[in-house]
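Trainee: I've got a new model open and I'd like to learn how to read it. Could you walk me through it, a feature at a time?

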Amino acid sequence: RDVIADRLNRISPSQTTAMRQRAQALKAEGRDVLAISSGEPDFDTPQHIKDAAIAAIQANQTRYTDIAGTRALREAVARKFKRDNGLDYTAEEILVGTGGKQVIYDAMIATINPGDEVIIPTPCWVSYPDIVGLADGRPVLLPCGPNQGFRLMPEQLEAAITPRTKWLIVNTPSNPTGATYSAEQLRGLCDVLLRHPQVHVLTDDIYEKLIFDGRAFATFAQVEPALRDRTVTMNGCSKAYAMTGWRIGFGGAPRHIIKAMDKLQGQSTSNTCSIAQAAAIAALDGPQEATEAMRQAYQRRRDRVVAALAATPGLRCHTPEGAFYAFPDMTACLGRTTAGGARIGDDADFVLALLSEAGVATVHGGAFMFPGHFRISFAASDSMLEEACRRIRGFCEGLR
Ligand code: PLP
């Protein structure tokens, strides 16, 4: 045990993964478990993207590439930023990593000094506070509840900034709430940031393509070009193109930040897989119909899940504006007892009892630094979601 480094005590294993493992263990015992806990698309990678990977293998694109990714892919990413976001990044201002996760990791480890503060609105993606902790930084968590649309308010940001604030991390659309910032809502945050030149922004736009009800996507450097020199615009292929296993994420940032991230990545993974990079070019430059079809499917499922939850006693659900998650409030269930005799003291008790008594795997809000809620992923088939919602309702109706 002494062999393990102290820094590992600052982080916890991913709790979404822990839930998946628990659900799998029950399945292995022969239990009928519906896993709606996972953060990955249930669709297959579109055919033209798979074809591009196969062609890359046949053409022997199987060697090391530039650490930051092939020039061809970085140019495709530059085209994507221009086309979708109106952002001008050169190939030298782009880095491709092993998933969006590594891009965030690179940015934090490459820039944070001990004690630097990173503002993270909560509920947040599980990995941000841990990555900041690994970088010796101090996560400053700002609760942003459903009463404010799960969005950070400008005055909240203003009040949290100190001379040590180095980063603000914003995720839009959000995992786990689906909350999405309009350009106008980002404008308010940009105005605060303009007054504090020491604060940088990492905007996690990985769910950009999965946005509902005709909303327009917006990102910081587009809304306020003056922030471009202190913004990392992070995005990737995992969610938009159902490519979680391919490990392609990318970031656009000023050259001095990209250079530092490149230096770090050069002493860890080096380039991400050359074959996946070739596939990513096809994803970004190719037809976008498959992404739009997936987006429509998520929106349809969102409508059904939200309607089912509205009819469930003890739950209240804010309507997600993007991504593929719902994050219902379960505080009305606290202090009650399940049909199976379990007492619900907190959101973790709730999801554990829901799994063991109803066979539905979700993730408790505490994993996203926001107790009193739980996360449902609608990256699952319509029939599975329908049955899961029926069971959740039965479970809640059975509370005493
Ligand atoms: N950011 C958010 C908000 C996510 O939900 C995820 C994946 O779950 C990622 C980043 C990382 O994605 P990738 O698979 O590209 O590393």
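Trainee: Let's start with Asp-136: how many other C-beta atoms are within 10 Å of it, and is it buried or exposed?

Mentor: Keep in mind that this is a predicted model. Asp-136 has 15 other C-beta atoms within 10 Å, so it counts as partly exposed. To be buried a residue needs 20 or more, and to be exposed 12 or fewer.

Trainee: Where does Asp-136 sit, and what is its phi?

Mentor: General idea to begin with: most residues other than glycine have a negative phi, and most peptide bonds are trans. Asp-136 goes the other way, with a positive phi near 70 degrees. You'll find Asp-136 in the loop between α5 and β4.

Trainee: Which other residue has a positive phi although it is not a glycine?

Mentor: Look at Ala-323, where phi is about 60 degrees. Ala-323 belongs to the loop between α11 (289-310) and β9. Ala-323 is buried, because 30 other C-beta atoms lie within 10 Å.

Trainee: And the peptide bonds, which ones are cis?

Mentor: One of them joins Thr-122 and Pro-123, with omega about 0 degrees. Pro-123 is in the loop between β3 and α5. Another runs from Asn-175 to Pro-176, and there omega is near 20 degrees. Pro-176 is placed in the loop between β5 and α7 (183-194).

Trainee: Back to α5, then. Which residues of that helix are buried?

Mentor: In α5, which spans residues 127-134, the buried ones are Tyr-128, Pro-129, Ile-131 and Val-132. Look down the axis of α5 and those buried residues fall within an arc of 165 degrees, so they line one face of the helix.

Trainee: What do the buried residues of α5 pack against?

Mentor: A helix and some strands: α4 (99-111), plus β3 (117-122), β4 (138-143) and β5 (165-171).

Trainee: Those strands make me want to look at the sheets. How do I read a strand order?

Mentor: The general picture is that strands of a sheet pair through backbone hydrogen bonds, either parallel or antiparallel. Here, one open sheet has 7 strands in the order β2-β8-β7-β6-β5-β3-β4, and its pairing is mixed. β2 and β4 are the edge strands, each pairing on one side only. From one strand to the next, the twist averages 20 degrees. Helix α3 (residues 71-85) packs on this sheet and touches β2, β7 and β8; the direction of α3 makes about 115 degrees with that of β2.

Trainee: β8 turns up there. How does β8 pair with β2 and with β7?

Mentor: β2 (residues 94-97) and β8 are antiparallel, over 4 bridges. Gly-97 has Gly-249 as its bridge partner in β8. β7 (residues 231-236) and β8 also run antiparallel, joined by 4 bridges. Check Met-234, which stands opposite Gly-251 of β8.

Trainee: Which way do the residues of β8 point?

Mentor: In a regular strand the side chains alternate between the two faces of the sheet. In β8 (residues 249-252), Gly-249 and Gly-251 point one way, while Phe-250 and Gly-252 point the other way. All of these residues are buried.

Trainee: What about the sheet with the order β9-β12-β11?

Mentor: That's an open sheet of 3 strands with antiparallel pairing. β9 (325-326) and β11 (363-364) are at its edges with a single partner strand each, so one side of each has no neighbour in the sheet. β9 and β12 (residues 374-377) are joined by 2 bridges and run antiparallel. Ala-326 has Ile-376 as its bridge partner in β12.

Trainee: Last one: how do α2 and α10 cross?

Mentor: For a pair of helices, check the distance, the angle and the handedness. The axes of α2 (residues 47-58) and α10 (residues 274-285) come within 8 Å and cross at roughly 140 degrees. α2 and α10 are therefore oblique to each other, and their crossing is right-handed. Residues making the contact include His-48, Ile-49 and Ala-52 of α2, and Ile-275, Ala-276 and Ala-278 of α10.

Definitions and conventions: Residues are numbered from 1 along each chain as its sequence is written. This is a predicted model: local features need pLDDT of at least 70, side-chain atom pairs count only at pLDDT 80 or more; totals for chains, interfaces and linings use all residues. The arc is that of the directions from the helix axis to the C-beta atoms. Two residues are in contact if their C-beta atoms, placed from the backbone, lie within 7 Å. Two strands pair if DSSP finds at least two bridges between them. Axes are lines fitted to C-alpha atoms, for helices over the stretch in contact, and angles run from 0 to 180 degrees between N-to-C directions. Angles under 35 degrees count as roughly parallel, over 145 as roughly antiparallel, 65 to 115 as roughly perpendicular and the rest as oblique. A crossing is left-handed if the near helix is turned anticlockwise from the far one by less than a right angle, and right-handed if clockwise.
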